[in-house]
Amino acid sequence: MRAAVQHETGQDKLEVLDDVEAVGFGPGKVKIRIRATGLCHSDLSAMNGVLPQPAPFVPGHEGAGEILDVGDGVTGLGQGDRVLMCWLPACGSCPSCKRGQTHLCLAGFMNAGTPNFKRPAGDVFGFAGTGTFAEEVVVAANCAVPIPDDVPYEIAALIGCGVTTGLGAAINTAKVEAASSVAVIGCGGVGISAIQGARACGAAQIIAVDPVPARREAALRFGATEAVAPDAFADAKARITAGEGFDYVFEVVGKSATARTAYEMTRRGGTLCVVGAGAMDDTFQVNMFELFFDEKRILPSLYGGADVLRSYERAIALWRAGRIDLEGLITHRVQLAEVNDALDQMRSGTALRTCIEI
């Protein structure tokens, strides 16, 4: 079968090969035919080494498709079922799951160290234990979440990561209050989803901050009340909040410099929500006096900060009701053979989300 492979960490191009085989099928597993997958910035971060990932590997973790086969002991799933990929499934029995923090379950991460593809040259890993830039993939059954028939594969794929992450940051983690002021730094697919989440919560002002004009324009279409370049952010703070700072600021870039800016733009007693995935050697700093005196809440948000299955259902309900726009997030479509075009679109900022049709 075909798959896009990253041979070594640091390479900026993928090679689409036709000698890749999905492996590991057996009890408790399912084989999925991928139909659509989104390119998430985390895929780029794995490619360049910001996020740790064994190589060679198949990127992609935001996918949807249909089940080809189910292993022994799998219940509730069958051949032909339409599913989205959950790259961080809950085991149901670890301490995090028992506390109700299923999005913090580490069972899924354990799969990342086991190859789920192979070539004649040797084993190939799947990013985050998945690897959706492939025609087929074998994963644990709890990674496959059934989707209703009215949800297109490309929409389901986005719900599998970016939409859930952004919406959840606003709704679950920050718990944005009605009539509040919000700023979102970084307006790619996840940032736009955070904007939509803040709008769904009833925020009065939503300021989008991004250096790319096209993304600022897009943010206005998705619910931002104003969109500014980073060098105009301080002026927006002065005009909109009388210099006090925003009630909620979302950092959706994954860099300490933008996190520090977000902290400074948050009002005393306000909330900084860190959504971007950054590098292990990039340190965010606050001094002990400001940490105590300003009483700003610093809230990281992983995968939407709550039970992902419930979050999927909520995203579908909001989409059906017309409260959020998911089709509009897909600004580009390519075939698997054109995957490097998708990478260029992400790096240049011209795409919110590129759908790779497989």
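User: Take the expected span of a helix as 1.5 Å times one less than its number of residues. What span does helix α11 reach from its first C-alpha to its last?

Analyst: This is a predicted model, in which local features need pLDDT of at least 70 and side-chain atom pairs pLDDT 80 or more, while totals for chains, interfaces and linings use all residues. Residues are numbered from 1 along each chain as its sequence is written, and side-chain values use heavy atoms, without hydrogens and water. Helices (H or I, at least four residues) and strands (E, at least two) are DSSP runs, numbered from the N terminus. Helix α11 covers residues 308-320, 13 in number, and its span is close to the expected value, reaching 18 Å.

User: Which elements do the buried residues of α11 pack against?

Analyst: Buried means under 20% relative accessible area, exposed over 50%, and partly exposed in between (1.4 Å probe, protein chains only). Among the buried residues of α11 are Tyr-312, Ile-316 and Trp-319. With contact taken as heavy atoms within 4.5 Å, the buried residues pack against β7 (82-85), β11 (144-146), α4 (153-159) and α5 (162-173).

User: Which residue forms a salt bridge with Arg-320?

Analyst: A salt bridge is a side-chain nitrogen of Lys or Arg within 4 Å of a carboxyl oxygen of Asp or Glu. The closest N and O atoms of this pair are 2.9 Å apart, with Asp-150 as the partner of Arg-320. Because Arg-320 lies in helix α11 and its partner in the loop between β11 and α4, the pair ties together parts 170 residues apart in sequence. At 40% relative accessibility, the partly exposed partner is Asp-150.
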